[in-house]
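Okay, thanks everyone for squeezing in. I'll put the structure up and just talk through it, so shout if I go too fast.

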Amino acid sequence: MGTVAAHGLCKSFGKVQALDGVTLDVPDGSFFVVLGPSGAGKTTTLRAIAGLEKLDAGSVHLDGRDATGDTPAERDLAMVFQSYALYPRHTVYENIASPLRARRRSSSEIAAAVEQMSNLLHIERLLKRRPAQLSGGEMQRVALARALVRSPRAFLMDEPLTNLDLKLRVEMRTELTRIHRSLGATFVYVTNDQVEALSMADQVAVLKEGKVQQVGTPTEVYERPANQWVAGFVGSPQISLLACHAEGDRLVGAEGWTLPRPRWTTAEDGRPLLLGLRAEDLSVEQRGNASLSGELYGLEPLGDRTVVDVRVGTEILKVKARPTVTGTPGERLHVTVDLDRAHLFDAGTGLALSEAGR
Ligand SMILES: Nc1ncnc2c1ncn2[C@@H]1O[C@H](COP(=O)(O)OP(=O)(O)OP(=O)(O)O)[C@@H](O)[C@H]1O
């Protein structure tokens, strides 16, 4: 078993309210990612679960039992940090074995566990080397093996891939997902990288200023953002948000455009709204009825695609296009909109309008 439940966590550091009622329910065996920008309270949440932070309010339950007053050791959780200090004088084998030696496991038990973990992380051939003889990515793998070699109730990971270059990060994302699957253990993983969150998690909690904004599967968080802030934080390029209001069967933009009103929206006429459009739901290459017109503002070639910035009045729409797309700034463009995939938010509260009728 490895369920982790944090309820109503509150923690202030002087005037800074790092956690403001954080509630997370992590099911056994889940790869649960806490995603948020710098300063959102991710590390503090993890440290609170680990018992390293004294809370102002709230409780932590592990496997259904109240562990709020337990010491970190009593909680039996393994914490994996951004930077891992390997023992420089010890071999890779000794490094991985060290948590088991500290628990006075027998040599045969240790040998079996190190073998299993080094197979899993593909570092069998490194076991006799010392940390100075390893590349950064290999060191990271050894450090992970050392953390994963015990079988704690759950693993708490604080941005463990941050120090790797992009190629290694991508590789390690796949590795971690594979390791998680083969261990069947509970992972609570903190990151500010939405790609990491969307690609690895089975559940994501989006955190902002010490408050949970939304909890859901990666698809739910991306496709049904609970509010304008989550819509803007998750997804690259960023979602475009256009001020508008409903008027009969039309949506009327603050910049003078009109679009058919999406069938599913129940917003009353005149209420200030924001229309959220993702770059992949827009196109400059076709002509359609539901279209906005604007002018080419800039092109961002990204190799496999180009992001076209289209200026509509004072607002910029980001549109995903073929990598070969060209154009001249100022040129008139029609942007076709897939309104079935659009989002509407209340401009005052930022909350998503009900999409029940979709
Ligand atoms: N020991 C501390 N003393 C004072 N303020 C702190 C302390 N620890 C955290 N904070 C503050 O609490 C807030 C949340 O910090 P936390 O480290 O949890 O954020 P984070 O989401 O992990 O950020 P990052 O991604 O930058 O690591 C921040 O404003 C931070 O400055």
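Let's go straight to the largest nonpolar core, which has 95 residues, and V33 and V188 are the ones that touch the most other members. Which element gives the largest share of this core? That's helix 5, residues 136-148, with seven residues. And where does the core sit? Domain 1 (4-226) and domain 2 (236-346) both give residues to it, so it lies between them. I should say right away that this is a predicted model, so keep that in the back of your mind.

Let me stay with V188 for a moment. If you leave aside its neighbours within four places in sequence, V188 is in contact with V4, V26, F32, V34, L46, I49, A154 and L156. V188 belongs to strand 8, where T186, V188 and V190 point one way and F187, Y189 and T191 the other way. In general, side chains in a regular strand alternate between the two faces of the sheet. So are the residues of strand 8 buried or exposed? Six of the six residues in strand 8, residues 186-191, are buried.

Now, who pairs with strand 8? Strand 3, residues 31-35, does so in the parallel sense over five bridges, and F31 has F187 as its bridge partner there. Strand 7, residues 154-158, also pairs with strand 8 in the parallel sense, over five bridges. In that pairing, L156 is bridged to V188, and L156 was on the contact list for V188 too.

On to helix 3, residues 92-102. V92, N95, I96 and A97 are its buried residues. What do they pack against? Helix 4 (107-120) and helix 5, and helix 5 is the one we just met as the top contributor to the core. After helix 3 comes R104, with a positive phi, near 55 degrees.

Okay, the ligand. Around it you'll find F13, V16, A18, G36, S38, G39, A40, G41, K42, T43, T44 and N192. Two elements give two or more residues to that shell, strand 2 (16-26) and helix 1 (42-50). Helix 1 has the largest share, three residues. For those of you thinking about the chemistry of the shell, the split is four nonpolar, seven polar and one charged.

Next, a different bit of sheet. Five strands make an open sheet in the order 15-19-16-17-18, with antiparallel pairing. Which ones are the edge strands? Strand 15 (282-283) and strand 18 (315-321), each pairing on one side only. Strand 15 goes with strand 19, residues 332-337, in the antiparallel sense over two bridges, and S283 has T336 as its bridge partner in strand 19.

Let me zoom out to finish. The protein chain has nine helices and 20 strands. Of its 358 residues, 37% are buried. Taking contacts between residues at least 6 apart in sequence, 66% join residues at least 24 apart. The C-alpha trace spans about 75 × 45 × 35 Å along its principal axes. And back to the two domains: their C-alpha centres lie 39 Å apart, though both of them give residues to that core we started with.

That's my tour. Happy to rotate the view if anyone wants to look at something again.

How values were computed:
Residues are numbered from 1 along each chain as its sequence is written. This is a predicted model: local features need pLDDT of at least 70, side-chain atom pairs count only at pLDDT 80 or more; totals for chains, interfaces and linings use all residues. Domain bounds come from an automatic or database domain assignment. Two strands pair if DSSP finds at least two bridges between them. Helices (H or I, at least four residues) and strands (E, at least two) are DSSP runs, numbered from the N terminus. A residue is buried if 20 or more other C-beta atoms lie within 10 Å of its own, exposed if 12 or fewer, and partly exposed in between; C-beta atoms are placed from the backbone. Two residues are in contact if their C-beta atoms, placed from the backbone, lie within 7 Å. A residue is near a molecule or strand if its C-beta atom, placed from the backbone, lies within 6 Å of it. Ala, Val, Leu, Ile, Met, Phe, Trp, Tyr, Cys and Pro count as nonpolar, Asp, Glu, Lys and Arg as charged, and the others, Gly among them, as polar. A nonpolar core is a set of buried Ala, Val, Leu, Ile, Met, Phe, Trp, Tyr and Cys residues joined through C-beta atoms within 7 Å.
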